[in-house]
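The points below are meant to be read beside the sequence and the coordinates. They go from the strands to individual side chains.

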Amino acid sequence: MTKVIHVHLIFEKKDYYFGSISAIYTALNEAQIGIKQSSLLHAGLYDGGVKATHRAIIRQSHLIRSTQE
């Protein structure tokens, strides 16, 4: 399964999708998200887990793919 991290910026009403927590910080900065990278890495996100800040909602899930037959 492929991990997907969905970041919803509350005030900008924009959604972003990333393959890792580190990738988030290549496109967005901590002021936009409302949490430092180190804090988010230690937040213990898991499949279906959610971390909410005053600026963003961050969810981790997995990508569902069809099987090639």
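1. Two strands are taken as paired if DSSP finds at least two bridges between them. In this predicted model, four strands form an open sheet with the order β2-β1-β4-β3, and their pairing is antiparallel. The edges of the sheet are formed by β2 (14–18) and β3 (50–52), each of which pairs on one side only. From one strand to the next, the twist averages 20°.

2. The pairing of β1 with β2 can be followed in some detail, since strand β1 covers residues 2–9 and is joined to β2 by five bridges, the two strands running antiparallel. Within this part of the sheet, H8 stands opposite D15 of β2.

3. D15 also deserves attention for its relation to a second histidine, H6, which lies in strand β1. The side chains of H6 and D15 are joined by a polar contact of 2.8 Å. H6 has a relative accessible area of 18% and is therefore buried, the limit for that class being under 20%. When residues up to four places away in sequence are not counted, H6 touches D15, Y16 and Y17, and it also touches I57, I58 and R59.

4. Which rings make up the aromatic pair, and is the pair stacked or edge-to-face? A search of the whole structure finds one aromatic pair. It consists of Y16 and F18, whose ring centres are 6.3 Å apart and whose planes meet at 20°, so the pair is stacked, given that planes under 30 degrees apart fall in that class. The two partners differ in accessibility class, because Y16, at 26% relative accessibility, counts as partly exposed, whereas F18, at 11%, counts as buried.

5. Side chains of opposite charge can pair when their charged atoms come close. For the present model the count comes to one salt bridge, and this is formed by R55 with E12, with the closest N and O atoms 3.1 Å apart. R55 lies in the loop between β3 and β4 (56–63), while E12 lies in the loop between β1 and β2, so the salt bridge ties together parts that are 43 residues apart in sequence. E12 itself has a relative accessibility of 32% and so counts as partly exposed.

6. Turning to the helix, I21 is found in α1, which spans residues 21–27. With a relative accessibility of 11%, I21 counts as buried. Leaving out residues up to four places away in sequence, I21 touches I5, L40, L41 and L45. By contrast with these contacts, I10 is 11 residues away from I21 in sequence and 18 Å away in space, C-alpha to C-alpha.

7. What surrounds Q60, and is this residue buried or exposed? Q60 lies in strand β4, and its relative accessible area of 12% means that it is buried. Its neighbours within four places in sequence being set aside, Q60 is in contact with K3, V4 and I5, and also with L45, Y46, D47, G48 and G49. Two of these residues, I5 and L45, have already appeared among the contacts of I21.

Note on methods. Residues numbered from 1 in each chain as written. Predicted model: local features only at pLDDT ≥ 70, side-chain atom pairs only at ≥ 80, totals over all residues. Heavy atoms only, no water. Axes fitted to C-alpha atoms, helices over the stretch in contact; angles between N-to-C directions. Phe/Tyr/Trp six-rings, centres within 6.5 Å; stacked < 30°, edge-to-face > 60°. Buried < 20%, exposed > 50% of the residue type's maximum accessible area, 1.4 Å probe, protein only. Polar contact = N/O pair within 3.5 Å; in protein donor to acceptor, adjacent residues only side chain to side chain. Contact = heavy atoms within 4.5 Å. Salt bridge = Lys/Arg side-chain N within 4 Å of Asp/Glu carboxyl O.
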